[in-house]
Amino acid sequence: MLSALANLSQVTELRRKILFTLAMFVVFRAGTHIPVPGVNASMIEQLFNSGNLLGLLDMFSGGALSKFSVFAMSITPYINASIILQLLKVVVPTLEQWGKEGVEGQKKITKVTRYGTVLLGFIQALGMAYGLRMAINDPSIFSVLLIAITLTAGTVFLMWIGEQITAKGVGNGISLIIFAGIVSRIPDGLHVIYQYLQAGTINALNVLLFAVIAVAMIVFVIAITQGIRKVPVQYAKRVVGRKMYGGHSSYIPLKVNQAGVIPIIFASSILMFPVTIGQFVDVAWIKTVAGWFAWGSPLQTTLYVLMILFFTYFYTAVSININDVADNLKKYGGFIPGLRPGKPTSDYLDKIMTRITLAGAIFLSLIALMPNVIGWMTGIEGVYFGGTALLIVVGVALDTMKQIESLVLMRHYQGFMK
């Protein structure tokens, strides 16, 4: 372990990148404590609990939303814009063509994503300012517009910080900002557990059980996140001029959890929407319907699992095009042993993808339900562990470690990961 850390300290460029990333984290955390002008923050904090959509968004923002700071919307509009563009690639030929143009095409997509972030951010900020107008000291149109512009500027600044981390720091900047926001809530969770112990509601065995389940879940998530199905591929020999190419074996890595955390985000956002509406609308039948979708109710749990299964298959089909994979194999002289190129290959890959996607969907459903299970088994309520947060934290940590490992291996024969 000490030798691994020594390898890290010897790479000057890596030290500089890590320090820059940490400095950006400090800026991000400082911004979460700068309040939006003209807002009663204490009144807004009362609206946040574990049963509404605002609570989920507050988790991603690292508590900035409950404080209604300039970073209250976090990087959510950027994520929404990125997801929308990825979905539009299936139906808009121009976007699909840009995706195949390499670096230049990616620059165009990034530019459109930025504009989309500003547009979606301003719309979301207007909705938030209008919906929370009871907490605005002067609920005039000018005040609402000022708050919307401030929140949008905060999101754009976070987007810029994320891009700077990607360019000058370590890892994907946008993902690391979400990671930092989620990890910053750990002290609050530990404080809640300490309060339970002080009140005598739970004992040391409950805390030990919680810790054991937490470690087991982390190991389980790492195993599935890293899990792939290797489909063997053989490349035929080709003679180009005086050189011979091909003739080697490789494989196609099909991820078990290809959809990542997106299905849980989609499903939870849709199911939390009625509960959130029920809090703001004082109508009897709306509140009754919202009660049916209360977090942990039988209807909510059943729909939650079904939606996760559906969105896992949907997003996997959007994110990976099996026909393109088969066509690229054929184009470069590759084939799966025992199968002819073209449709037989695509049918085979589609069959494999369907099976492993089912395993990934079941995995996501189990992880999404674990916070309820942990609360039932340990009696510790109000500490969110599992679901979206755990998947994001583990996924970002693994990707960042891989990038650090590659930087170290460029200058040393031995990295820091075993």
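**Exercise 1. Compare the expected span of helix H17 (residues 343-378) with the distance between its end C-alpha atoms, and describe the irregularities at Met-370 and Gly-379.**

Solution.
Step 1. In this predicted model, helix H17 runs over residues 343-378 and contains 36 residues.
Step 2. The expected span is 1.5 Å times one less than the number of residues, so helix H17 should extend over 52 Å.
Step 3. The end C-alpha atoms of helix H17 lie 52 Å apart, which agrees with the expected value.
Step 4. Helix H17 nevertheless has a kink of about 45° at Met-370, shortly before the proline Pro-371.
Step 5. Just after helix H17 comes Gly-379, whose phi is positive, at about 75°.

**Exercise 2. Determine whether Thr-357 is buried or exposed, and list its contacts beyond its neighbours within four places in sequence.**

Solution.
Step 1. Thr-357 belongs to helix H17.
Step 2. A residue is buried under 20% relative accessible area; Thr-357, at 4%, therefore counts as buried.
Step 3. With neighbours within four places in sequence set aside, the contacts of Thr-357 are Val-256, Thr-312, Tyr-313 and Thr-316.

**Exercise 3. Locate Ser-74, and state the sign of its phi and its burial class.**

Solution.
Step 1. Ser-74 is placed in the loop between helix H5 (64-67) and helix H6 (76-88).
Step 2. Although Ser-74 is not a glycine, its phi is positive, at about 55°.
Step 3. The relative accessible area of Ser-74 is 1%, so this residue is buried.

**Exercise 4. Classify the ring pair of Phe-157 and Trp-160 and relate it to helix H9.**

Solution.
Step 1. Rings pair if their centres lie within 6.5 Å; the count by this rule is 7 aromatic pairs.
Step 2. For Phe-157 and Trp-160, the ring centres are 5.9 Å apart and the planes meet at 15°. Planes under 30 degrees apart count as stacked, so the pair is stacked.
Step 3. Phe-157 and Trp-160 are 3 residues apart in helix H9 (residues 141-168), and are therefore separated by about one helical turn.
Step 4. Phe-157 is partly exposed, at 36% relative accessible area; Trp-160 is also partly exposed, at 43%.
Step 5. Ring pairs join Phe-157 and Trp-160 with Phe-28 and Phe-71 in a cluster.
Step 6. One member of this cluster, Phe-28, has the charged end of Arg-29 over its ring, 5.8 Å from the ring centre.

**Exercise 5. Classify the aromatic pair of Phe-310 and Phe-311, and give the burial class of Phe-310 and of Phe-311.**

Solution.
Step 1. The rings of Phe-310 and Phe-311 are 5.2 Å apart from centre to centre, with 65° between the planes.
Step 2. An angle over 60 degrees counts as edge-to-face, and the pair of Phe-310 and Phe-311 is accordingly edge-to-face.
Step 3. Phe-310 is exposed, with 52% relative accessible area, whereas Phe-311 is buried, with 13%.

**Exercise 6. Summarise the protein chain by its secondary structure, buried fraction, contacts and accessible surface.**

Solution.
Step 1. The chain has 18 helices and 5 strands.
Step 2. Of its 418 residues, 42% are buried.
Step 3. Among contacts between residues at least 6 apart in sequence, 71% join residues at least 24 apart.
Step 4. The accessible surface amounts to about 22,300 Å², and carbon and sulfur atoms account for 67% of it.

Conventions
Residues are numbered from 1 along each chain as its sequence is written. This is a predicted model: local features need pLDDT of at least 70, side-chain atom pairs count only at pLDDT 80 or more; totals for chains, interfaces and linings use all residues. Side-chain values use heavy atoms; hydrogens and water are left out. Rings of Phe, Tyr and Trp (its six-membered ring) pair if their centres lie within 6.5 Å; planes under 30 degrees apart count as stacked, over 60 as edge-to-face and the rest as tilted. Helices (H or I, at least four residues) and strands (E, at least two) are DSSP runs, numbered from the N terminus. Buried means under 20% relative accessible area, exposed over 50%, partly exposed in between (1.4 Å probe, protein chains only). A charge sits over a ring if NZ of Lys or CZ of Arg is within 6 Å of the ring centre and within 35 degrees of the ring normal. Contact means heavy atoms within 4.5 Å. Accessible areas come from the Shrake-Rupley method with a 1.4 Å probe; for residues, only the protein chains shown count as cover. The bend at a residue is the angle between axes fitted to the seven residues ending there and the seven starting there.
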